[in-house]
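Pull up the model, get the sequence alongside, and let's take a walk through it. We'll stop at a few places and look at what the backbone and side chains are doing there.

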Amino acid sequence: MKKINSIEQYQSQYEKSVENPESFWAEKAENFNWIKKWDKVLEWEFNTPKIEWFIGGQLNITENCLDRHLESRGNQTAILWEPNDPTEQAIEITYNELHNRVCSFANVLKRNGAKKGDRICLYMPMTPELAIATLACARIGAIHSVVFAGFSARSLEDRIKDATCNIIVTADGGYRGAKTIELKTIVDKALETCPSIKKSIVLKRTGGEVNMKTGRDVWLHEELNQVDNICPAEKMNSEDELFVLYTSGSTGKPKGVVHTCGGYMVYAEYSFRNVFQYQEGDIYWCTADIGWITGHTYIVYGPLLAGATTVMFEGVPTYPDAGRFWEICDKHNVNLFYTAPTAIRALQARGNQFVNPYSLSSLRVLGSVGEPINEEAWHWYNDKIGKGNCPIVDTWWQTETGGIMISPLAGITALKPSYATLPLPGIQPCLVDSDGNEIEGNDVQGNLCIKFPWPSMIRTTYGDHDRCKQVYFSTYKGKYFTGDGCRRDEDGYYRITGRVDDVINVSGHRFGTAEIEAAIDEHENVVETAVVGFPHDIKGQGIYAYAICHSQPTDMDTFIKEVNKTVIEFIGPIAKPDKILIVSGLPKTRSGKIMRRILRKIAEGDVSNLGDTSTLLDPSVVEEIKTSAGLG
Ligand code: WTA
């Protein structure tokens with residue numbers, strides 16, 4: 001597929017994509033192998049909502065990721081896997097081998113009862129088998145639900161139940177830095193109350209002791225001995241579900257965002273190629289985990305659709321030391337590197353002595369994703385890592401958008417630190433005020449919406465279409481609402497200012513304040529909690545919890561430890577509060593709504609202007625909280 005190569009071309013493509021979206025996307029879709037071509041490009045309305053792309057088309061995404069490359073690049077490395085432990089051998093898997101391994105794995109799934117349309121949960125460490133399992137599901141038309149292996153048994157259980165998965169693929173354990181995580185033990189706990197799971201397929205990674213339940217649990221390596229590597233790809237309709245991925249929103253439990261086969265495929269490839277300006281032969285590395293959308297679209301599908309070499313890293317940026325990312329870049333001659341601001345800030349904080357030993361001369365493009373990148377981190381990334389000559393693509397998008405929406409195209413779009421800059425062709429963002437009126441012109445700020453469909457957009461929330469409608473399509477009629485605030489500057493550049501709803505972004509991970517509150521409330525001494533985000537130097541946002549207790553804890557350290565334990569049990573270690581403040585009351589309006597604005601201000605340590613507190617049921621609560629926070 002040809003990519004955009006100048007800003008003029010970007011502009012003309014953009015105009016074309018708005019004037020005639022259908023012919024624009026049909027042309028992009030022509031570049032794939034379709035089993036049957038589509039009859040109609042698009043049908044949509046944003047009320048129900050109903051969004052359908054490439055209607056009547058049939059395809060299998062794995063044929064496009066694998067089979068169609070075999071003739072031209074069968075012996076090229078598809079996945080380059082770097083283990084957690086730098087002394088362990090890296091593994092190169094060619095397109096030929098990956099094709100074989102995906103087919104074998106698909107046969108293992110079938111052998112264990114998997115069928116088209118089944119939901120299969122993947123709870124795995126960042127091993128090649130995770131990418132292979134993902135593709136194996138797609139091969140047979142099963143819907144994968146990857147759950148990040150840092151989530152707790154409870155979170156896993158909720159996700160398995162919501163999608164009624166019948167198979168889970170996991171590992172005995174996983175390595176993350178100096179830690180070993182006993183994944184199988186966590187799965188066993190989750191499965192105690194998940195009768196829908198009939199089979200658990202277990203990868204041997206750590207060799208740790210595990211319980212294998214007869215009839216349910218099987219070893220992957222033993223299963224692989226029983227199958228061949230021939231597995232024709234299942235014929236899928238464009239709008240058949242490809243995967244579900246759980247993500248947090250303002251209210252309730254995480255919801256399963258559903259993506260479908262055709263549109264997702266077209267947009268994953270298109271956005272990958274254009275944003276990173278991928279060139280044949282490039283080594284590309286995205287440091288995300290496949291448990292998040294970034295890993296789905298930009299470790300697995302996007303790069304493989306484009307025939308790239310995608311690096312997969314099992315470990316963490318600080319193990320064995322804070323130079324690991326840069327060591328890997330040099331070792332594998334990485335050209336395109338994509339990471340999150342939180343990692344950049346954490347590594348910057350460790351000092352330049354961890355960067356200096358590495359040449360980083362292979363790098364050509366740097367990417368950022370998941371949260372706003374502050375100027376200081378941007379400049380360090382640009383100067384120390386990019387040596388001033390690698391464009392930084394600050395890519396704004398979401399689990400729901402499936403792919404990058406607003407971003408510079410590397411080397412084409414003029415950059416401005418902390419700006420995601422311009423929408424990709426086909427993406428029609430707009431800013432709206434709180435009454436839902438579109439804000440025209442430049443040098444303005446508002447809530448970010450998208451007013452026209454794009455191929456990889458969310459289709460539904462699993463098992464609950466009305467929730468999809470309520471969350472994304474009801475706030476502003478006829479528009480998809482992102483939940484983000486945004487500024488459009490005098491040049492028409494977009495700068496994401498952060499969430500305007502009750503979602504917080506901690507180290508690039510999304511949490512609803514409500515789900516953390518629900519977890520803390522499980523502690524027996526807690527009556528009620530209110531959680532807000534506050535600015536955090538490394539994590540972007542930290543978690544600040546205000547808790548009302550039945551009785552004042554006798555020992556605060558023990559109380560904090562217990563609350564952390566509860567949060568770890570209900571969500572996972574990544575959702576642990578950074579601060580817990582015991583308060584006697586919460587600032588509520590007469591209708592019982594917590595005024596989070598006030599709590600956010602106090603968490604920031606800025607009580608100079610708390611705004612109007614006259615609608616509070618009991619305004620004196622505010623003074624008490626200020627005093628408890630040491631700001632009185
Ligand atoms: C935030 C991650 C500023 C935003 C791909 C969004 C960003 C949420 C950026 C989605 C960025 C993501 N600049 N903010 N470049 N990228 N965000 O679903 O608030 O895990 O709504 O998808 O992350 O997070 P999610």
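**A walk through the model**

P320 sits in the loop between strand 17 and helix 12. Keep in mind as we go that this is a predicted model. The bond leading into this proline is a good place to begin: Y319 and P320 are joined by a cis peptide bond, with omega at about -5 degrees. In general, most peptide bonds are trans, and most residues other than glycine have a negative phi.

Stay in that loop for a moment. T318 is there too, in the stretch between strand 17 (309-313) and helix 12 (324-331). Is T318 buried or exposed, or something in between? With a relative accessibility of 28%, T318 counts as partly exposed, because buried would call for under 20% and exposed for over 50%. T318 also has a partner from elsewhere in the sequence: its C-alpha atom is 7.7 Å from that of L347, and the two residues are 29 apart along the chain.

There's another cis bond to find, this one from T48 to P49, with omega near -15 degrees. P49 is also a loop residue, placed between strand 1 (40-45) and strand 2 (50-55).

Now for the charged side chains. Side chains of opposite charge can pair when their charged atoms come close. How many salt bridges turn up in a search of the whole structure? The search finds 41. Let's look at some of them.

Start with E82 and R324, whose closest N and O atoms are 2.7 Å apart in a salt bridge. E82 belongs to strand 4 (residues 77-82) and R324 to helix 12, so this pair ties together parts that are 242 residues apart in sequence. Both E82 and R324 are buried. The pair isn't on its own, either: E82, R324, E327 and K331 are linked in a network of salt bridges.

Next, try D158 and K253, which form a salt bridge with their closest N and O atoms 3.4 Å apart. Here D158 comes from helix 7 (residues 153-162), while K253 comes from the loop between strand 14 (241-247) and strand 15 (255-260), so the pair ties together parts that are 95 residues apart in sequence. As for the surroundings, D158 is partly exposed at 29% relative accessibility, and K253 counts as exposed at 53%.

One more pair: the side chains of K28 and E27 meet in a salt bridge, at 3.4 Å from N to O. K28 is buried, with a relative accessible area of 6%, whereas E27 is partly exposed at 39%.

Some charges group together on the surface instead. E524, D555, D557 and E562 form a negative surface patch. If you want a way in, click on D555, in the loop between strand 30 (540-549) and helix 17 (556-570). D555 is partly exposed, with a relative accessible area of 37%.

Let's turn to the helices. Which residues of helix 6 are covered up, and how many? In helix 6, 13 of the 13 residues are buried, so the helix is largely enclosed by the rest of the structure. You can check its length as well: at 1.5 Å a residue, the 13 residues of helix 6 (residues 128-140) should span 18 Å, and the end C-alpha atoms are 19 Å apart, which agrees. Just after helix 6 comes G141, with a positive phi of about 80 degrees.

Helix 10 is worth a stop too, since V266 lies in it. V266 is buried, with a relative accessible area of 0%. Its C-alpha atom is 9.5 Å from that of A26, although the two residues are 240 apart along the chain.

Follow helix 10 (261-276) into the loop that runs to strand 16 (283-286), and you'll come across Q277. Q277 isn't a glycine, yet it has a positive phi of about 55 degrees. This residue is buried, with a relative accessible area of 10%.

D443 does something along those lines, with a positive phi of about 60 degrees although it is not a glycine. You'll find D443 in the loop between strand 22 (438-439) and strand 23 (444-450). At 49% relative accessibility, D443 counts as partly exposed, because exposed means over 50%.

Technical notes: Residues numbered from 1 in each chain as written. Predicted model: local features only at pLDDT ≥ 70, side-chain atom pairs only at ≥ 80, totals over all residues. Heavy atoms only, no water. Patch = residues over 30% accessible without salt bridge, like charges linked within 9 Å, V, L, I, M, F, W, Y side chains within 5 Å. Areas by Shrake-Rupley, 256 points an atom, 1.4 Å probe, with all protein chains shown as cover. Salt bridge = Lys/Arg side-chain N within 4 Å of Asp/Glu carboxyl O. Lys, Arg positive; Asp, Glu negative; His and termini not counted. Charge placed at Lys NZ, Arg CZ, Asp CG, Glu CD. Helix = DSSP H or I, 4+ residues; strand = E, 2+ residues; numbered from the N terminus. Buried < 20%, exposed > 50% of the residue type's maximum accessible area, 1.4 Å probe, protein only. Expected span 1.5 Å × (residues − 1).
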